[in-house]
Amino acid sequence: MQVALLGPLNLTSEVGPVVLGAPKERAVLEMLALRAGRPVPAEALCEGLWGEMGPPSAAKALQTYVSHLRRLFPPGCLLTTSGGYVLALSPRSVDAARFEEAVHQAGQRQEAGDLVSAMALLQEALRLWRGRACPELTEHTWATAEVARLEELRREAQEELAELRLATGEHARLVGELEAAVAAEPLRERRWAQLMLAYYRCGRQADALRAFARLRSTLAEELGISPSAELVALEQKVLLQSAELRPLRSHVGGAPGAQAGGLPRPASSFIGRAGEVAEVAKLLGESRLVTLAGAGGCGKTRLAQEVAAAMADSLAGGAHFVSLAPLTEPGLVPMAVAEALGVQPQSGRAPAQVVTEVIGHRETLAVVDNCEHLVGTVAELVEGLLSGAPGLRVLATSREPLRIAGETVWRVPSLEVPGPGASAAESRGCAAVELFVDRALSARPGLRLDDGATATIAEIARRLDGLPLAIELAAARVAVLDLAGILEGLSDRFALLAGGSRTAPARQQTLRAAVAWSYDLLSAREKELFGRLTVFPASFSLEAAQAVAGSGRQEATEDLFALVSKSMVATVGPEGRPVRYSLHETLRQFGAGQLDEPTAEQARAGHARHYLALVGLGRPEPFGAELAPWLKRVELELDNLRAVFSYLAARSERHAELLGALVALRRYWFIYNHHREGFELLEQALAATSPGEDPVLRARALVTSAHIAAHFDAETSARYAKAGGELAETVGDKATACLAAVVVAIVNGIAGQRNEAEGERALRLARDVGDPLLVCEGLFALALSTPFAGPDATRCREAFEELLATAEENGDLGFSFAAHGNMCLFGFSEGDAKAARPHVEREMELESELGLQSHWAESRFGELLYFEGDYRRALVLHRKAFEQARRQDLPWSMADAAVDAATCLIALGSDDIAAARLSGFAQHELQRAGFGDRVPMDANLEALGARLATRLADVLAEGAAMTREEIGELLTTLEEASGSNSHDGAASVVDH
């Protein structure tokens, strides 16, 4: 919702203007909006409507007005609080607040020396005014003081803008405006000073002195006073022709043939790039040549037009637009530039020479649009013009830089798109969604824009990579398709996004034409590499690009860099890390369509070869110092690996390679908690391969499947471990047989059925093999096979201590993480939180070093806080652990988190029903996954039984019937109800 107070009152929703009621109801809205986000007492509102002597029915009438207004806003926008009524809108929703913020930002920009941006912000602020502010408010209302303050701020902004325009040499245009200003308000001395300065800088010293005399006469007649000391000093400087009165920038006026303006002004609104306009304008203040580079359809031309419009008034020679798109002959470029700049040709002289003479030192901006197809000619011309005309600045748009001295290249980004899972409110605030909505409402004014529609629009914006042209073409389709149909149609976006504006350039009327315009400018080698790069579904490295190129490494590197320069490939990734590359999905689809099948197959084969080598196919499993870097590489390349898996799965002759790659990733699936995905891929690969084809590999695949299934399906894990172990023994693979024994011990340990003999057997087999990786696996299995607490816990502690020592000796962070994450439990079981804390803190550090996003650290830190007595913060962390485990589909981890949260609730004594539901859910989740009652709930159930008595069984059943999503919502509600204000603190410790 948008409230406009700076003129006749307007209220606008997402679907258009809202009809408002009677004057007093409108006055109530104005008073609330003036203090948006803050309570306004009912007494103050009544006084504002009727004065101090309101009618007896004033309070009831006010309630009626508020009730009517409440129906105009979404739920939760107009609230009743103990302090009065609150209009709960963000400052960006009220034009008065936006006005103040823009004026404040302008002041900051001015202090930083960025006059152009300051001017643009003040102009933007003053455009918000449409007349007298809050016209419905009566003269006796308390709010008139606020309105008067806004009106005065408006005058100050007008004066500040005039000051900036004077500073940048716009004195000639200001004279008339300032004469009108002093006539309207003859007692504002600052405007008289500005008028005197404008006259003086126009060479009209006498008029400047006459203006001072008029002011002196006015002040004497009206107030009986003299002008201020500052104005008297200004008069003296005018008389003495002081050098202090020169403008900050030097301008040469009156050059024949020069014109101000010359900018096309699109009819459609400009959305989402105010910051970019200011940034580019600032760059033009520092560099005389700025090139806006970017992919076709990213909005380079429109951005350049807006920058030029913002700067035009500050330039004595104005801003001019040169469109090169229609030209095909390089020889026509100089004449086109001269014509756009308003320079008349002279017989026997080159157009460029005449342009430089006419412009000279006169501050002028030339927007040279669409340079890419004539880039060599444009580069040579621009270099000559900048050298010969010191007052000229050039803002070029091109899909590749001009590459001449002094050029600043500014890559135009796509519009901001909502992240996956963003709320409707968050999505509406993203520029890509705003643009779609704006254009869609133009095509179909009655379009319904509820939360569901917003979610679909957000997905459309994401699928279109935030490219403005593609979004506008998609939005136009709402005239004939619903939003779901548009989203579905993006699978063939080039067929869907056709038939744009009839008046737009041909290259912008369809998405295909926009991409083809850039593609056709590539060399044959660049086109082939571009097509080959479409095999990457995600970002990729230089080495990966070389692997699919089909040419030498040097050639591939040169062609890749050329594609980046020509905005066909983007660079991505944070500063300080190796550069990676990616293709917008639109460009990927186009490029894939240009590739013949034999070339595409070569590229896919090279892609698979590269990533199979990264996985380590045919090499020992990563262990020790190599583990963490390997894990991070695999995580970074996971989408590319998934594409390789699909490629291998579609070729029966390569199924063994697929199975081998999935087995090689065992530690990744396990440590990074991708258990379900890894298991399902292995299961499919096992089903597709012949049992007798490679029994050694099959045994390893079965045991790997068992290992990663141990976290979510005990029965399946045990079955696969048994089959894999028996096959390994048959083929004499001791290492795989040992790992099968490890899995059996782990599964039983997780299920609470500890069997020390199984753990000892697994460790013995590992020591017989002699592989330190297997020894660590055996120690972990033994630890899980023995009691954690009580008099029989010694063997468990010894196993974890040896595991930690072995892991640290070999530099293996994975097993160090597992050891610390379990050794803290000894402190918990003994009630010694101080002993547990170092292990929890080290576990969190290791999680960061491994690059993990897991539930383990949240869970353990939550337990630590519980034992330290901080139950509310512990509840926050158990909720986080539950959500992470839910995303990773880990039943026993979800059960752990639910039980730990219930324990916190019992300790708080805040909600026994919720605690029982969480316990019932945990029991059901464990039983469903085959883990029985592995979570110790006896203490909880005993406490709840004492409080709930006969109701306990029913409430446990209610919890068992709840879904994971419902439990997640319950935990969120409990966290909010607990009143904890420690969320951020808890999160910061976990992220440590």
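This tour moves from a sheet to a surface patch and then to several salt bridges, in a model that is predicted.

**The sheet**

Begin by selecting residues 289–293, which make up strand S6, and then add residues 407–411, which make up strand S10. These two strands pair in the parallel sense over five bridges, and if you label Leu-289 you can look for its bridge partner in S10, which is Glu-407. Widening the selection brings in an open sheet of five strands, ordered S7-S8-S9-S6-S10, with parallel pairing. At its edges lie strand S7 (319–323) and strand S10, each of which pairs on one side only. As you rotate the view, keep in mind that neighbouring strands of this sheet are turned by 20 degrees against each other on average, with direction ignored.

**A nonpolar patch**

Next, select Leu-187, Leu-223 and Ile-225 and show the surface, where these residues make a nonpolar patch of about 260 Å². Leu-187 sits in the loop between helix H7 (171–184) and helix H8 (189–201), and with a relative accessible area of 40% this residue is partly exposed.

**Salt bridges between distant parts of the chain**

Now turn to helix H23 (residues 524–533) and helix H25 (residues 553–565). Showing the side chains of Arg-525 and Glu-558 reveals a salt bridge, at 3.7 Å from N to O, and this pair links positions 33 residues apart, with Arg-525 in H23 and Glu-558 in H25. Arg-525 is partly exposed at 40% relative accessibility, and Glu-558 is partly exposed at 43%.

Move on to Glu-526 and Lys-566, whose side chains meet in a salt bridge at 2.9 Å, N to O. Because Glu-526 lies in helix H23 and Lys-566 in the loop between H25 and strand S11 (570–572), the pair ties together parts that are 40 residues apart in sequence. Are these two residues buried or exposed? Glu-526 counts as buried at 8% relative accessibility, and Lys-566 counts as buried at 18%.

**A salt bridge within one helix**

Select helix H40 (residues 833–850) and find Glu-845 and Arg-842, which are three residues apart and therefore separated by about one helical turn. Their side chains meet in a salt bridge at 3.1 Å, N to O; Glu-845 is partly exposed at 30% relative accessible area, as is Arg-842 at 26%.

**A network to finish**

Finally, select Glu-152, Arg-155, Glu-159, Glu-160, Glu-163, Glu-185, Arg-188, Arg-190 and Arg-191, which are linked in a network of salt bridges. A search of the whole structure finds 65 salt bridges.

Technical notes. Residues numbered from 1 in each chain as written. Predicted model: local features only at pLDDT ≥ 70, side-chain atom pairs only at ≥ 80, totals over all residues. Heavy atoms only, no water. Pairing = 2+ DSSP bridges. Helix = DSSP H or I, 4+ residues; strand = E, 2+ residues; numbered from the N terminus. Axes fitted to C-alpha atoms, helices over the stretch in contact; angles between N-to-C directions. Patch = residues over 30% accessible without salt bridge, like charges linked within 9 Å, V, L, I, M, F, W, Y side chains within 5 Å. Areas by Shrake-Rupley, 256 points an atom, 1.4 Å probe, with all protein chains shown as cover. Salt bridge = Lys/Arg side-chain N within 4 Å of Asp/Glu carboxyl O. Buried < 20%, exposed > 50% of the residue type's maximum accessible area, 1.4 Å probe, protein only.
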